[in-house]
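Work through the exercises below with the structure open beside you. Try each task before you read its solution.

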Amino acid sequence: MKRPGAPPGTLEFTGERHLETPMLMRVNFNQETVDSQTFSNHVPLELAEGCINWYDVRGLHDVALIERFGQQFNIHPLVLEDILHTQQRPKFEEYGNDVFIIVSSLTYDGFNHELNEEQIAIYFGENFIITFQEKADDTFAAVRERIEAGSGRIRSRKPDYLAYAIIDGIVDNYFGVLDGIEANMEEVELEIQGRPNRETKENIHHLKFKLLAMRKSVMPLREAVGKFSRCESQAVEGSTGVFVRDLYDHVIRIADLIETYRDMLNGLQDLYLSELSLRMNNIIQVLTIITTIFVPLTFMVGVYGMNFDNMPELHWKYGYFYLLGLMVALTLALIYYFKNKKWI
Amino acid sequence: MKRPGAPPGTLEFTGERHLETPMLMRVNFNQETVDSQTFSNHVPLELAEGCINWYDVRGLHDVALIERFGQQFNIHPLVLEDILHTQQRPKFEEYGNDVFIIVSSLTYDGFNHELNEEQIAIYFGENFIITFQEKADDTFAAVRERIEAGSGRIRSRKPDYLAYAIIDGIVDNYFGVLDGIEANMEEVELEIQGRPNRETKENIHHLKFKLLAMRKSVMPLREAVGKFSRCESQAVEGSTGVFVRDLYDHVIRIADLIETYRDMLNGLQDLYLSELSLRMNNIIQVLTIITTIFVPLTFMVGVYGMNFDNMPELHWKYGYFYLLGLMVALTLALIYYFKNKKWI
Amino acid sequence: MKRPGAPPGTLEFTGERHLETPMLMRVNFNQETVDSQTFSNHVPLELAEGCINWYDVRGLHDVALIERFGQQFNIHPLVLEDILHTQQRPKFEEYGNDVFIIVSSLTYDGFNHELNEEQIAIYFGENFIITFQEKADDTFAAVRERIEAGSGRIRSRKPDYLAYAIIDGIVDNYFGVLDGIEANMEEVELEIQGRPNRETKENIHHLKFKLLAMRKSVMPLREAVGKFSRCESQAVEGSTGVFVRDLYDHVIRIADLIETYRDMLNGLQDLYLSELSLRMNNIIQVLTIITTIFVPLTFMVGVYGMNFDNMPELHWKYGYFYLLGLMVALTLALIYYFKNKKWI
Amino acid sequence: MKRPGAPPGTLEFTGERHLETPMLMRVNFNQETVDSQTFSNHVPLELAEGCINWYDVRGLHDVALIERFGQQFNIHPLVLEDILHTQQRPKFEEYGNDVFIIVSSLTYDGFNHELNEEQIAIYFGENFIITFQEKADDTFAAVRERIEAGSGRIRSRKPDYLAYAIIDGIVDNYFGVLDGIEANMEEVELEIQGRPNRETKENIHHLKFKLLAMRKSVMPLREAVGKFSRCESQAVEGSTGVFVRDLYDHVIRIADLIETYRDMLNGLQDLYLSELSLRMNNIIQVLTIITTIFVPLTFMVGVYGMNFDNMPELHWKYGYFYLLGLMVALTLALIYYFKNKKWI
Amino acid sequence: MKRPGAPPGTLEFTGERHLETPMLMRVNFNQETVDSQTFSNHVPLELAEGCINWYDVRGLHDVALIERFGQQFNIHPLVLEDILHTQQRPKFEEYGNDVFIIVSSLTYDGFNHELNEEQIAIYFGENFIITFQEKADDTFAAVRERIEAGSGRIRSRKPDYLAYAIIDGIVDNYFGVLDGIEANMEEVELEIQGRPNRETKENIHHLKFKLLAMRKSVMPLREAVGKFSRCESQAVEGSTGVFVRDLYDHVIRIADLIETYRDMLNGLQDLYLSELSLRMNNIIQVLTIITTIFVPLTFMVGVYGMNFDNMPELHWKYGYFYLLGLMVALTLALIYYFKNKKWI
């Protein structure tokens with residue numbers, strides 16, 4: 001977020017810096033030709049005619065560069081602020097004929113239980129599209145390859161379709177994240193059935209946090225994609241609508257899965273607590289059985305360890321053996337009793 | 001789902017393959033005649049005039065076959081993609097005058113606690129209907145028999161009514177699934193009242209997961225059937241509406257039952273934990289009673305097992321018997337006390 | 001429900017049969033006259049002119065009889081199916097100028113904790129009304145008496161008012177059911193404060209199930225009565241609206257009470273678990289106190305029960321008494337300590 | 001509620017009777033004059049011209065009196081029924097140009113944890129207003145004083161403003177009730193931090209019930225006041241709207257507070273259970289420490305209490321002292337171990 | 001709140017008094033000039049022409065002063081009441097062409113876990129704006145500095161933009177509050193993983209209360225800002241809308257975060273209870289192991305401490321050593337058994 005007290009529209013990068021110098025890539029394409037170029041900083045911002053101009057900007061700390069884009073494409077200061085403050089909720093906004101979209105790109109490292117989040121900002125008009133992100137990851141490689149391959153719908157469409165394709169790719173990754181979380185949940189379930197320990201409950205706990213973090217990205221995305229599908233801006237062609245509605249279905253499905261997984265994690269939490277309770281019951285049963293058998297026996301032998309002058313049983317010839325027999329009988333009776341109560 | 005990065009509309013079967021070769025069945029019928037034929041692959045796709053053409057396709061891995069249907073019936077690429085990616089949410093969509101529906105067919109094996117799910121895709125226009133599924137199960141046998149029996153409403157209606165009849169049959173099976181789950185819940189309740197063990201809580205846990213999986217299918221189906229009932233496409237006759245609304249009522253009732261069963265399972269979970277707590281209380285009561293009675297006694301006999309030179313009681317004539325009497329009195333007092341506290 | 005695979009509109013009674021032969025009652029009335037007649041089967045279905053014709057049908061297994069009604073009054077097959085399949089959700093439907101309503105009649109046996117449910121189907125047009133139920137209970141006795149008493153609004157109104165009066169009577173019984181459940185909840189609370197046992201938690205559990213079952217009937221009823229109050233069919237007079245809205249208020253109040261009672265039952269469940277925890281704490285405190293006092297004492301007397309040749313204390317003149325004094329002192333100290341910690 | 005089976009609109013008082021004879025008060029006022037009179041029964045019901053006629057009726061068992069009002073002011077029978085059946089949900093209804101409102105007056109006795117509820121029914125037209133309640137409490141004293149004081153807005157307004165003022169006073173009392181509940185919650189929190197006992201959990205339990213009861217009154221009141229603020233009846237002046245909307249804000253705030261307090265009580269319940277768990281842990285730690293230290297020692301002294309002929313250690317000169325030393329060493333080692341594990 | 005029974009619109013300060021004398025500041029500004037002046041009481045209320053008049057009022061106990069504002073700016077009595085009763089819900093209201101907004105300013109002292117709340121009331125028309133608060137904190141310092149700096153949008157806009165800027169600053173502080181709460185949650189998580197104690201659960205408990213208090217402020221604020229963004233009053237310029245919508249996004253994000261943090265705190269509560277359960281399991285395991293090993297051994301040595309005349313084993317030459325061997329063997333067997341069961 002911006003510093004408290006700073007006026008709205010203050011341009012200042014507030015995230016963590018990942019890149020030394022910005023990486024810029026410009027892809028100009030139409031149905032006939034593709035032209036990809038990489039720049040380190042001084043990218044020309046004049047739009048080429050007769051083709052789609054895609055600027056892929058990585059590295060946001062260079063505020064001057066972002067401001068150049070702002071001036072050239074006449075971007076509202078609040079949009080520039082949102083691009084630089086990289087903890088926005090996903091959203092869809094129209095500014096005149098241009099469209100501004102924020103999405104979270106998520107990846108999951110199932111082994112270390114780490115969920116990485118990156119804000120992707122997309123701004124497009126009728127013949128240009130700009131994407132902003134801080135990290136160097138080539139998030140859009142698959143989309144660019146499809147453009148360069150020259151086949152398919154993407155070359156013959158407008159920037160709105162490209163924006164759709166980018167978001168679609170990001171949303172596809174969400175399914176991968178959910179698969180990773182599901183795999184971790186299965187590990188946890190096995191752990192609970194085996195030997196639940198301190199780590200088990202922390203795993204449950206961290207998976208819950210992951211889902212909460214993911215939900216924070218997906219819930220507003222649902223709304224944003226819904227607005228995209230109903231958008232009547234000139235920059236969005238009617239024929240893109242059916243694709244965006246399909247995307248909307250995917251986002252809904254992800255939202256459903258997140259809720260389902262949260263319920264499943266609560267189920268695992270319950271299972272874990274039940275397991276602990278059951279285990280405690282079993283341990284205390286053992287304790288009680290041992291105590292109930294040996295404490296009376298110990299008392300009995302204590303009796304005959306007393307030093308009273310007058311204890312007739314001590315002088316019986318078979319007193320000792322009678323007592324041993326009595327103790328065996330008592331033990332058997334208790335064992336029978338516990339067996340009956342199904343404690344053993 | 002499609003591979004991440006693959007362009008939307010990529011045709012590729014992503015589910016688990018169940019059939020070696022596709023099984024195809026064509027049923028052409030009108031009020032007068034029925035003609036059922038089975039094909040293994042080279043099914044003629046030209047529509048017969050003056051009758052309803054129903055293609056029942058089982059086995060989806062043969063993408064070329066699906067594409068032939070796509071070209072012949074002019075199906076949108078996203079529809080074909082949804083047919084092949086067999087983990088879609090149930091939905092209802094109109095494409096021009098044609099209608100596309102996805103439903104989940106569920107069966108439950110109550111003995112092994114297994115819920116099987118199969119995606120059924122239905123695509124119909126004014127005089128044809130195509131159903132797609134991967135597995136070889138003859139899901140629509142009952143509907144086909146009604147057609148072949150020649151009686152009833154089904155022969156005189158359009159594909160929309162047939163689509164309704166198919167979904168109605170699938171939804172009827174949901175009640176069977178719920179009956180199976182209810183039977184399992186009753187088993188669990190008996191187990192809890194008898195002797196709750198490790199399996200009890202895993203049964204509760206798995207039943208919860210089943211209901212979550214089922215809800216994932218039913219919630220979107222509710223929406224889809226709602227759209228069907230309000231649909232104004234040419235492919236849907238007005239007089240079908242009353243039937244679809246009846247179907248809608250059934251789906252609502254299933255959704256209600258799922259919620260009710262979830263609440264009941266939470267109740268069983270509470271019952272299980274209460275039972276464990278109560279059992280623990282009882283065990284610890286036993287332990288405490290035994291300890292409270294015997295530990296002081298053992299102490300007393302220990303006292304008179306000491307070897308001090310000067311212990312007058314040891315030399316009393318009836319010292320031993322006095323002590324025995326004292327111990328009996330103490331034990332009776334404790335038993336009375338516990339009885340009073342209702343611990344015994 | 002109907003058998004899976006059976007075509008919609010199949011007439012087949014699927015509930016549990018309670019009556020040998022159907023009981024039929026026809027009440028024809030207008031403001032001047034009342035004419036009640038009972039039939040066992042061959043009831044004349046021609047409507048009398050100038051009066052309201054009320055057919056009260058008990059016993060549904062005689063499908064032919066139901067079909068006669070269907071033909072005579074031109075009832076849609078799906079309505080007949082709903083009448084015979086006696087596990088429908090409450091609902092309100094218009095068929096042309098006729099109206100079809102399903103309600104659940106509930107009674108509660110608080111002593112045995114049994115909730116009985118019976119489906120009541122009501123079908124009425126401008127001058128006739130038919131009520132269907134399976135059991136022989138004279139559910140509508142109170143309403144019929146009011147008609148026969150000849151006083152009041154009911155004689156001068158149309159079937160819509162009679163339908164309202166019937167549902168109003170059924171809903172009034174719901175309050176009785178809730179009173180019964182409330183009484184049982186108070187018993188449970190007393191049990192928890194007294195001596196909670198295995199039955200306590202099963203009572204809580206069963207009351208929860210009762211409320212879930214009741215909610216399953218009331219939630220759709222709310223919707224149905226809401227539709228009734230907004231209904232613009234010719235069969236419903238405007239002046240009935242104010243009564244139906246009053247009924248709607250009652251249904252809402254019942255729905256509120258059910259939610260409140262569910263929250264209260266959850267509160268009782270919490271109370272029960274708290275009570276068990278507290279009780280466990282107390283038991284373990286007793287155990288710990290006994291152990292902490294006697295185990296060290298037992299150790300001390302064990303020391304002087306050893307047989308070492310050289311144990312000077314044994315030969316002190318007052319060794320035994322010193323030790324007794326020491327043990328008394330230790331015990332007092334421990335008791336003081338526990339008192340201080342408020343364990344005793 | 002009315003007796004089940006009684007026709008709707010049956011006039012019968014079903015609450016608990018609090019008054020021997022009804023208390024009636026008539027306040028006629030306009031901007032110039034006020035005239036308050038008290039009657040025990042035979043109150044004249046003819047309206048005075050040129051002023052507001054306020055009838056304050058306390059005591060509802062005299063059905064004939066209520067019926068006189070009904071006839072004189074042409075009140076719908078269902079309204080009279082609602083007045084007499086004193087367990088209605090709060091509501092707002094228009095009957096022609098007249099308005100009928102039901103509100104619950106709540107008072108809280110924080111010392112005895114008692115929530116008292118009284119149904120207030122308000123019926124007003126263009127120049128009269130009637131208020132009905134069963135108990136003798138002078139609920140409207142403050143409002144009447146403001147009228148008699150002759151200052152302020154209330155003298156120059158219509159009955160709608162008076163109705164607003166009455167409800168506003170009742171809602172103001174809700175804040176007092178909530179303050180009482182909050183004070184009790186703070187007591188409970190202190191109890192938990194001190195020494196939680198059986199009463200603590202019952203206090204939590206009863207506070208929950210109070211909030212549930214209060215919510216039952218407030219939720220429908222919100223709806224009723226909302227309708228009041230949007231009401232377009234002739235009996236409600238436009239300029240009253242801004243006051244009713246302010247009242248609406250208060251009701252919303254109360255509803256918010258109730259939800260917040262419920263969450264806080266759940267928090268206290270959790271805190272209580274955590275406290276019990278922690279306490280149990282501590283008790284069992286003490287038990288385990290005592291056992292772990294003394295049981296092995298007792299075993300050791302038991303060894304040298306045996307009477308074998310050949311036990312060399314017994315005859316060592318310093319055997320006894322070696323053993324004492326060993327036992328001291330073991331005890332210190334265990335204490336060190338427990339300190340290390342932070343158990344002591 | 002106002003005293004129960006006081007007429008609506010009664011002017012009386014009901015909060016806690018923080019200031020001896022009110023502090024008043026008047027800032028008159030337009031694009032060219034700024035004029036800030038401080039007054040202790042007798043502030044001139046005549047509006048300067050051609051500029052925005054901002055009155056910043058701190059200290060509300062001086063009712064006469066508030067009434068002067070009320071008369072001069074023609075403020076509705078209910079607004080004055082809301083300003084003085086400083087526990088209102090945040091809200092947005094239009095009075096003719098003027099706008100009245102209530103917001104809560106929150107600050108968090110993470111070290112002492114204290115959340116401070118202050119009601120800010122904002123009233124503005126076309127060329128004036130008045131802000132009211134009780135405490136002396138210079139809440140609007142940052143905004144005033146931006147005005148005095150003379151740069152930026154704020155100087156060229158109307159009071160609506162200034163109101164937006166003030167609320168935006170307050171909302172920015174909410175993120176700081178949430179950061180503080182998040183830091184405290186992380187401390188709690190570390191405590192749980194280390195050594196959970198009595199304070200841990202109270203910290204969880206207090207953080208829950210903080211979030212509940214915060215939610216009470218944020219939920220109505222969401223609604224209020226939503227109304228602001230849709231407001232069509234003359235006092236609100238169209239171009240301010242885009243800024244207010246941005247603010248709305250921030251408020252939504254805060255509401256999301258609060259819900260997420262509440263879920264996380266529930267997760268921490270679960271984690272804490274799991275940790276206690278696990279710890280209890282471990283302690284009881286230790287107890288059971290010690291008991292299971294030593295109680296039988298103690299029994300065995302007790303046997304040979306008995307004084308029967310005829311106990312042959314006592315006279316065996318190596319009886320003592322045989323027994324020692326047996327006891328070692330038994331101990332090893334038990335240790336092996338526990339290792340096997342993974343208890344050690």
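**Exercise 1. The fold of chain A**

How many helices and how many strands are there in chain A? Then give their order and describe the overall dimensions of the chain.

Solution. Keep in mind that this is a predicted model.

Step 1. Count the elements. Chain A has seven helices and seven strands.

Step 2. Read along the sequence. The pattern is β-β-β-α-α-β-β-β-β-α-α-α-α-α.

Step 3. Check the dimensions. The C-alpha atoms of chain A fill a box of roughly 120 × 40 × 30 Å along the principal axes. The radius of gyration of chain A is 35 Å, whereas a compact globule of 344 residues would have one near 20 Å.

Step 4. Look at burial and contacts. Of the 344 residues in chain A, 45% are buried. Take the contacts in chain A with a separation of 6 or more: 69% of them join residues 24 or more positions apart.

**Exercise 2. A strand in chain E**

Is strand β3 of chain E largely enclosed or largely open? Inspect both faces, then find its partners.

Solution.

Step 1. Set the cut-off. A residue counts as buried if 20 or more other C-beta atoms lie within 10 Å of its own.

Step 2. Apply the cut-off to residues 52-58. Seven of the seven residues of β3(E) are buried, so the strand is largely enclosed by the rest of the structure.

Step 3. Separate the faces. In a regular strand the side chains alternate between the two faces of the sheet. On one side of β3(E) are Ile52(E), Trp54(E), Asp56(E) and Arg58(E). On the other are Asn53(E), Tyr55(E) and Val57(E). Both faces are covered.

Step 4. Find the antiparallel partner. Strand β1(E), residues 23-29, runs antiparallel to β3(E) and is joined to it by seven bridges. In one of these pairs, Arg26(E) has Tyr55(E) as its bridge partner.

Step 5. Find the parallel partner. Strand β7(E), residues 128-133, pairs with β3(E) in the parallel sense over six bridges. Here Asn53(E) has Phe128(E) as its bridge partner.

**Exercise 3. Relating the copies**

What turn lays chain A on chain B? Work out the kind of axis.

Solution.

Step 1. Superpose the chains. A turn of 72° with a shift of 0.1 Å along the axis lays chain A on chain B, at an RMSD of 0.0 Å.

Step 2. Name the axis. The two copies are therefore related as by a five-fold rotation axis.

Step 3. Locate the residue of chain A that comes closest to the rotation axis. That residue is Gly305(A), with its C-alpha at 4.6 Å.

Step 4. Try chain E. Chain A can be laid on chain E by a turn of 72° and a shift of 0.0 Å, again with an RMSD of 0.0 Å.

**Exercise 4. Two interfaces of chain A**

Which element of chain A gives the most residues to the side that touches chain B? Do the task for chain E as well.

Solution.

Step 1. Take chain B. Here 48 residues of chain A are in contact with 43 residues of chain B. The helix α6(A) gives the most to this side of chain A, with 30 residues. By class, this side has 19 nonpolar, 18 polar and eleven charged residues.

Step 2. Take chain E. Here 43 residues of chain A are in contact with 48 residues of chain E. The largest share of this side of chain A again comes from α6(A), with 17 residues. This side divides into 22 nonpolar, eleven polar and ten charged residues.

Step 3. Compare surfaces. Only 19% of the interface residues of chain A are also interface residues in chain E, so the copies meet through different surfaces.

Note on methods
Residues numbered from 1 in each chain as written. Chains lettered and ligands numbered in written order. Predicted model: local features only at pLDDT ≥ 70, side-chain atom pairs only at ≥ 80, totals over all residues. Buried ≥ 20, exposed ≤ 12 C-beta atoms within 10 Å, placed from the backbone. Helix = DSSP H or I, 4+ residues; strand = E, 2+ residues; numbered from the N terminus. Pairing = 2+ DSSP bridges. Least-squares fit on C-alpha atoms with pLDDT ≥ 70 in both. Contact = placed C-beta atoms within 7 Å. Nonpolar A, V, L, I, M, F, W, Y, C, P; charged D, E, K, R; others polar. Rg over C-alpha atoms; globule rule 2.2 N^0.38 Å.
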